[in-house]
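Work through the exercises below with the structure open. Try each task before reading its solution.

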Amino acid sequence: MFRLDNLVLAQKDFRLTADWSIRPGAKVAVIGPSGAGKSSLLAAIAGFYQPVSGRVWLDQRDLTALPPGERPLSVLFQDQNLFPHLTLAQNLGLGIRPDLRLSAEDHRRIDAALERVQLQGLGKRKPAEISGGQASRAALARVLLRARPLLLLDEPFAALGPALKSGMLDLLAEVAAESHATVLMVTHDPGDALQFADETVLVADGVAHPPAATAALFSSPPEALAAYLGR
Amino acid sequence: MRPFLAACFLTLPSLALPGLAVAETPVLTVMTYDSFTSEWGPGPAIEKAFEEHCGCDLRFITGGDGAALLARLQLEGASSEADIVLGLDTNLTAQAQASGLFAPHGADPATALPIPYQDPLFLPYDWGWFAFVYDKTRTAMPPEDFRALGDSDLKIVIQDPRSSTPGLGLLMWVKAAYGDQAPDIWAGLSDNILTVTPGWSEAYGLFLEGEADMVLSYSTSPAYHRLAEQDDSKDWVEFAEGHYLQIEVAGLLASSKQPELAREFLTFTQSPAFQSVIPETNWMYPAASQTLPEGFETHRPAKSLLLGADEALEARATALTEWQAALGR
Amino acid sequence: MASRPRSLGAGAISAGLLALILGPIAAVAFHAGGLSLGAADLAALRFTLLQASLSALISAALAVPVAKALARRRFPGRGLLITLMGAPFLLPVIVAVMGLITVFGQAGWINSLGQSLGLPRISIYGLHGVLIAHVFLNLPLAVRMILQGWLSIPAERFRLGQSLGFTPRDIARHIERPMLAQLLPGVLASIFAICLTSFAVALTLGGGPAATTLELAIYQAIRFEFDLAHAAGLALLQTGLGAVAALLAWQLAGMRAGPGAGLDRPSALMPPTGWRRIADGFWLIFAAAFLLLPLTAMALKGLPGLTALPASVWPAALRSVTVALISAFLTVTLGMILVGAVARGGARWIEFSAVLPLAASGMVLGIGLFLLVRPWIGPAQLALPVTLLVNVLMALPFVYRLLITPARNLEADYGRLAASLGLVGFARIRLLTWPRMAAPIGFSAGLSAALSMGDLGVIALFAAPDQVTLPLLVQHLLGAYRIQAAAGAALVLVALSFALFWLLDAGGRYVQAR
């Protein structure tokens with residue numbers, strides 16, 4: 001189980017608190033007005049941002065003091081998910097061994113992961129030689145290889161077209177299911193939340209509210225969410 | 001790559017551990033200026049000659065020029081590893097004596113100086129006259145005193161007295177020749193001075209490049225071109241005021257742990273084995289009677305100038321202020 | 001967090017650097033029993049500030065159009081031109097001065113040409129001569145630093161500009177000027193600090209005691225007045241000026257974000273046509289002529305001397321190359337640790353400590369170190385370590401400047417991704433830092449190697465006669481009337497420095513482009 005225990009983030013005039021938990025394997029959207037602290041919350045969970053107080057727990061394990069690379073989670077950023085000087089295969093390989101000392105078996109796993117996201121045969125390409133959608137799929141393939149129990153996404157598909165994005169969310173759901181991962185995805189698009197997430201965390205007015213069932217939340221939104229949705 | 005690496009490792013020890021001397025032989029350490037010990041200076045021949053009969057290891061340590069040696073010596077004080085300092089000149093001896101670091105050398109005075117010179121602490125080993133050197137093919141009638149030089153259109157290069165021994169020598173030359181009128185002479189010279197260099201070699205290089213008509217150097221400089229390059233185009237011009245002397249001296253440090261061996265070296269500086277090396281390596285006159293190489297000198301100044309050590313020390317600060325004021329523009 | 005141990009290492013290095021700059025001054029002051037300054041130092045201070053500020057301003061002002069032309073024009077031999085134009089910065093000062101005099105001197109090429117055309121003689125001696133020399137020596141540095149800034153703007157940025165219908169003017173305003181605003185203060189501060197310590201150039205070309213700099217005043221204090229307190233006072237003043245310049249550069253440059261990540265697509269800088277094409281051509285020809293003529297002069301002077309070279313040139317050359325390579329390795333290693341820490345948001349005084357050595361007085365540094373180490377070990381035994389130390393110290397500020405922008409960009413663009421993947425330690429260096437920074441690393445290594453090759457520095461104070469390096473050998477030849485052989489040895493020195501620089505620079509670029 002993933003739990004934020006009285007987490008407090010603060011920087012200058014920004015402050016955000018969170019105190020809730022998510023059940024294992026849940027797919028949760030994080031939504032809220034821009035500047036409310038969605039990305040900061042994700043960064044704190046990922047370990048890029050030290051909270052003022054509180055703890056981050058995953059399955060009885062305290063993550064708060066761990067460096068980002070040692071946390072049992074994967075992150076997908078808005079962009080720059082691949083190193084441009086490495087091939088796709090190498091970028092995927094980083095998900096198995098960050099030092100890229102890969103065995104023949106590892107290479108087979110990379111090929112399989114590429115195939116899983118319909119990038120078979122593109123392992124030797126560099127990121128500049130593929131499309132944006134392909135880059136997103138490659139990043140997802142690496143998530144698959146890493147197989148971490150928690151997956152964080154920070155508006156990862158914002159740059160893709162609606163059809164492409166929709167396909168990507170489906171693929172994400174499959175990947176999450178295959179690796180039994182709990183997913184936390186920041187998005188600004190209610191459609192994403194409704195399509196993908198069983199539950200949604202609303203971040204507004206300095207509070208990351210406990211997850212609520214997505215459909216119910218959007219059908220009778222609290223005041224802050226209503227303002228954000230423009231209703 | 002590998003042979004190169006191997007070469008590096010072979011050179012490194014020689015960089016880090018100079019002269020792993022055999023422990024048994026006594027080591028005599030002589031502190032001297034850079035150019036004395038260079039491949040083309042007197043150092044190598046003198047080291048060989050002295051080691052042949054002393055049963056010792058003669059080791060040189062170097063540091064810049066005469067003034068730098070004295071500065072370093074004053075830093076080190078009585079803990080200097082040197083036994084002997086070789087390369088001060090008479091403009092520095094008063095300061096050196098005042099440091100109290102030197103002991104009497106006990107040797108007989110040098111015999112071949114143009115003026116009488118005796119100092120219980122400092123023993124001359126060579127000397128020369130400061131002079132302006134010119135190119136006979138470019139300048140037919142060089143001016144024959146400072147005033148005529150000041151009135152001429154000729155360009156000269158001199159050295160800065162603050163960073164160069166010849167530069168300081170020129171300061172003393174004008175002071176010895178003109179006393180209180182030195183500022184007038186400098187004022188007259190100011191439009192002739194193309195530039196002032198930090199050291200002798202930059203000035204001499206500029207002159208050889210044809211940048212200036214004359215350069216402050218030594219009356220023995222043309223001998224290098226005549227003897228080593230078979231080039232007779234350079235000469236020095238005799239000034240009516242007389243020529244200031246540079247007498248280079250060696251001294252025994254009171255802190256030396258082997259004064260006997262050090263005195264032996266000082267006596268050796270007056271011997272033919274040492275003196276015969278001087279003219280064609282240091283391009284100075286030997287301090288002891290010695291047949292000069294054929295063509296070493298063509299003429300000598302009629303008059304020598306030299307301020308006593310104390311006079312020189314006393315005059316120095318004023319002379320520098322006058323010089324800076326006249327040339328500061 | 002994960003970066004804490006590294007920051008600690010960088011902090012220790014910075015503290016060491018500050019100690020190395022201020023320690024020797026303190027040692028000299030302690031030995032002398034105090035610090036002092038006199039009224040006459042005001043003139044030296046005024047002249048030093050004047051020449052250093054003007055040198056920095058002119059170098060930077062000329063470097064911008066030259067770097068811009070180099071960034072947006074493609075022509076045969078461009079790469080070679082960029083490399084060759086870097087050479088003056090690597091020249092030993094005395095060699096550079098002689099090359100300039102062959103071109104601009106009384107009997108130089110320009111005056112010979114002018115006389116045959118009936119023009120009046122121009123003189124290089126005076127403040128303008130000092131400035132010509134300082135610009136000659138530092139323009140290459142400025143051009144390279146600014147050119148790197150241009151090339152670090154991702155192609156996407158220019159493409160965005162083009163898509164918005166940007167004219168060259170709009171590109172300058174929205175894309176190039178922010179880059180320059182971030183870069184120029186550092187360029188100015190670096191050149192200002194280098195020129196602060198000028199002594200041989202300022203005096204030789206300055207024409208007389210009016211061109212007295214602080215460093216010359218330090219010489220006077222040590223050699224003429226035997227007044228170490230005065231020397232320490234002057235050294236502190238000089239270092240202080242460098243510190244002020246560094247702080248000012250900070251304030252001006254701020255901690256702006258880098259230009260942002262791109263996808264390594266080849267630069268799409270569209271070369272404008274029309275008068276801009278002519279202007280670019282003018283700047284390129286001007287810079288090439290100004291920087292390459294004296295180099296050519298020096299090469300022509302040195303060629304006949306090659307036959308007169310003494311055999312001792314080669315062991316001296318090997319010694320110099322060895323020291324240069326070790327210096328380069330140490331400098332880049334320390335530089336990478338420092339920029340790594342700063343890029344990750346380390347303390348700003350780390351940056352400060354990396355820039356300060358520029359303004360350190362070589363003379364006082366040498367004497368101070370001498371005083372500090374002498375009670376324990378004979379100076380001759382320490383010739384190698386001290387030479388290395390000083391070489392590293394002197395090259396580090398440049399290396400830091402060259403590495404900091406790529407390091408910041410690297411951290412901003414890929415720091416989180418690498419951290420989230422657990423890409424740390426040696427794997428991070430091998431898979432991220434090295435492939436993405438090999439070009440600036442190679443350039444930095446080449447630069448520090450070449451600087452170390454040409455440095456006469458403190459070796460003169462510490463060396464024993466059997467430890468002659470190439471610059472010292474040139475000095476010896478000059479001191480023994482052997483001007484021609486000296487020119488030959490200087491040519492060997494420059495050729496070797498340049499070869500080292502080129503090998504490391506080109507090697508780095510090759511790795512990064514692979």
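The domain bounds used here come from an automatic or database domain assignment. The model is predicted.

**Exercise 1. State how chain C is divided, and how far apart the domain centres lie.**

Solution. Start with the bounds. Domain 1 of chain C covers 1-34 + 309-514, and domain 2 covers 48-302. Next, take the C-alpha centres of the two domains: they lie 21 Å apart. Now turn to the contact. Domain 1 of chain C brings 49 residues to it, and domain 2 of chain C brings 51 residues.

**Exercise 2. Give the area buried between the two domains of chain C and the three residues of domain 1 that supply the most.**

Solution. The buried area between domain 1 and domain 2 of chain C is about 4,300 Å². Carbon and sulfur atoms give 73% of that area. Then look at the part that domain 1 buries against domain 2. Arg348(C), Ala359(C) and Met363(C) supply 13% of it, more than any other three residues.

**Exercise 3. Find the salt bridge between the domains of chain C, then describe the side of domain 1 that touches domain 2.**

Solution. The count between the domains of chain C is 1 salt bridge. Test Arg144(C) and Asp505(C): their closest N and O atoms are 3.5 Å apart. The cut-off is 4 Å, so the pair qualifies.

Next, list the elements. Those giving two or more residues to this side of domain 1 include H1 (4-32), H17 (383-420) and H21 (483-513) of chain C. H21(C) gives the most, with 11 residues. Finally, sort this side of domain 1 of chain C by residue class: 33 nonpolar, 8 polar and 8 charged.

Technical notes
Residues numbered from 1 in each chain as written. Chains lettered and ligands numbered in written order. Predicted model: local features only at pLDDT ≥ 70, side-chain atom pairs only at ≥ 80, totals over all residues. Heavy atoms only, no water. Contact = heavy atoms within 4.5 Å. Buried area = accessible area lost by both parts, 1.4 Å probe. Salt bridge = Lys/Arg side-chain N within 4 Å of Asp/Glu carboxyl O. Helix = DSSP H or I, 4+ residues; strand = E, 2+ residues; numbered from the N terminus. Nonpolar A, V, L, I, M, F, W, Y, C, P; charged D, E, K, R; others polar.
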